[in-house]
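This briefing concerns local backbone geometry, charge pairing and side-chain contacts in one protein chain. Please consult the sequence and structure below before reading the points that follow.

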Amino acid sequence: MRTAYSVETVRNAETELMARLPEGALMQRAAAGLAAACADLLGRVYGARVVVLVGSGDNGGDALYAGARLARRGAGVSAVLLAPDRTHQGGLAAFTGAGGRVTDDPFEVLAVADLVLDGITGIGGKGGLRPDAVPVARAARGSDAVVVAVDLPSGVEADSGEVRGEALRADATVTFGTYKPGLLIDPAREYAGTVRLVGIGLEAHLPSVPDLEALQHADVARLLPEPAAESDKYRRGVVGVVAGSARYPGAAVLAVAGALRGGAGAVRYVGHAADAVIARFPETLVHAGPPAKAGRVQAWVVGPGLGDDEEAVRDVLASDVPVLVDADGLRLLDAAAVRDRDAPTLLTPHAGEAAALLGVPREEVESSRLASVRELAARYGATALLKGSTTLVAGPDGSRTPVRVNPMGTPWLATAGSGDVLSGLAGSLLAAGLEPRDAGSVAAYLHGLAARHAVAEGAPITSYDVASALPSAWHDVTHT
């Protein structure tokens, strides 16, 4: 499990740790890890040309101490001081003492650099790069050098993942002690490149509940339901799917595909696309409706391609089993009906649907994904899964449980029907007994992994290809 903590939490932990260490020891740990990562990227340190972009405060100090270590190993290291009167004095003394030089012409050294260390701003930076840093950052990015961000790319916001202004895109980021939310959430994640975590002894001083977490293979394998010798279709989970219409019969087919390929013991289908569903999946149990009369289920999925069947949405929300609401179901949603439910609810909007639910512009959701998914969960008293380049899953209990971020997202999922497959998959996991946050985050992980499998077999891909690859993704997780 990758975990991320807020700036305030990280600073409190650092303060506790520094009280137990000799002065400057923590910064030296960070600098040693940073220099080692840079050496790995360079391959050959002796004779390499390194430029250190130095802002004010401790982030610039980390960069200077790392530059000093590289200079002692034979690299030619130049420093660009963007705040000369606020430069970390201990770091600067160590840097010049090791043979590093301060340059008055940043563009000259950047033009021939092999590696650039971005120590302009730290985790407390807000609102993008300052105007005087922008030309230097652009020159760094426009050079042939490898750009390495110190703790976090300069210009992105650590807590939210927002990029409100110009930022320096890194090829790699070396972060200290723990991940920061902005390293895992778009749009900031796109600026981080490959992220390397350097331990500095912070773990014992961090709280047990992080702000953000990202599942890995082992976490997903642990959560996945597996049939036992005595399993039948009800023990494995029967999921009801209310989807499709005369205009969108394919949505029903794809949602059912996601449910069946996601391990459901059985699927009960209610809707206007029964013929299309049965033609593709003859094992599906179909019913003319309403959902309340369709038979026993352990969870419902409602909404994909549904059209304007508001009565079906009300009927499903009145049930006493977990319910996933997607697509048209979100448009027909009554917030009070969701909040009044005794059984759990999982909402799965994309950015446009989330914007409509929150009454804000789509751009606001896309630029502040973490705040948006938390607000959705709180406002509806439900678990919210916000789809997108980084899918986020937030529970209704706020800070008591971390927001989950899916590390398996891929642009290949930007295809018609992708969300329908995800809905069916997550619904099957709800029916198997997973809590909504687990069902949503495991489904998002498998969905992304299945898309990667489908691409490996030959791109471009369709949503049905993704559904077909779900068993391979499941096998990958449980056998790796």
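Asn 406 is a buried residue, since its relative accessible area is 6%. The model is predicted, and in it Asn 406 occupies the loop between β18 (403-405) and α18 (418-431). The points below begin with the contacts of this side chain and then turn to backbone geometry, salt bridges and surface charge.

**Contacts of Asn 406**

- A polar atom of the Asn 406 side chain lies 3.2 Å from the backbone nitrogen of Met 408.
- The side chain of Asn 406 also reaches the backbone oxygen of Ala 444, at 3.3 Å.

**Cis peptide bonds and positive phi values**

- Most peptide bonds are trans, and most residues other than glycine have a negative phi.
- Asp 186 and Pro 187 are joined by a cis peptide bond with omega of about 5°; Pro 187 belongs to the loop between β7 (172-176) and α7 (189-192).
- A cis peptide bond also links Gly 289 to Pro 290, with omega of about 0°, and Pro 290 is placed in the loop between β12 (285-287) and β13 (299-302).
- Asp 151, which is not a glycine, has a positive phi of about 75°. This residue sits in the loop between β6 (146-150) and β7, and Asp 151 counts as buried because its relative accessible area is 8%.
- Ala 327 has a positive phi as well, near 50°, and is likewise a residue other than glycine. Its place is the loop between β14 (323-325) and α13 (328-331). With a relative accessible area of 19%, Ala 327 falls in the buried class, for which the cut-off is under 20%.

**Salt bridges**

- Side chains of opposite charge can pair when their charged atoms come close.
- The whole structure contains 18 salt bridges.
- One of these pairs Arg 141 with Asp 171, whose closest N and O atoms are 3.2 Å apart. Arg 141 is part of helix α6 (residues 134-142) while Asp 171 is in the loop between β6 and β7, so this salt bridge ties together parts that are 30 residues apart in sequence. Both partners are partly exposed, Arg 141 at 30% relative accessibility and Asp 171 at 35%.
- A salt bridge within one helix is formed by Arg 314 and Glu 310, with the closest N and O atoms 3.6 Å apart. Both residues lie in helix α12 (residues 310-317), four residues apart, which is about one turn of the helix. Glu 310 is partly exposed, with a relative accessible area of 40%.
- Lys 387 and Asp 326 meet through their side chains in a salt bridge of 3.1 Å, N to O. Lys 387 lies in the loop between β16 (383-386) and β17 (392-394), and Asp 326 in the loop between β14 and α13, so the pair ties together parts that are 61 residues apart in sequence. Lys 387 is buried at 15% relative accessibility, and Asp 326 is buried at 2%.
- Glu 213, Arg 404, Arg 437 and Asp 438 are joined into one network by salt bridges that share partners.

**Negative charge at the surface**

- A surface patch of negative charge gathers Asp 320, Asp 334, Asp 340 and Asp 342.
- Within this patch, Asp 342 is located in the loop between α14 (335-339) and β15 (345-347). Asp 342 counts as exposed because its relative accessibility is 83%.

Notes
Residues are numbered from 1 along each chain as its sequence is written. This is a predicted model: local features need pLDDT of at least 70, side-chain atom pairs count only at pLDDT 80 or more; totals for chains, interfaces and linings use all residues. Side-chain values use heavy atoms; hydrogens and water are left out. Patches are made of residues with over 30% relative accessible area and no salt bridge: like charges are joined within 9 Å, nonpolar side chains (Val, Leu, Ile, Met, Phe, Trp, Tyr) within 5 Å. Accessible areas come from the Shrake-Rupley method with a 1.4 Å probe; for residues, only the protein chains shown count as cover. A salt bridge is a side-chain nitrogen of Lys or Arg within 4 Å of a carboxyl oxygen of Asp or Glu. Lys and Arg count as positive and Asp and Glu as negative; His and the chain ends are not counted. The place of a charge is taken as NZ of Lys, CZ of Arg, CG of Asp or CD of Glu. Helices (H or I, at least four residues) and strands (E, at least two) are DSSP runs, numbered from the N terminus. Buried means under 20% relative accessible area, exposed over 50%, partly exposed in between (1.4 Å probe, protein chains only). A polar contact is a pair of N or O atoms within 3.5 Å; within protein, one must be able to donate a hydrogen and the other to accept it, and residues adjacent in sequence count only if both atoms are side-chain atoms.
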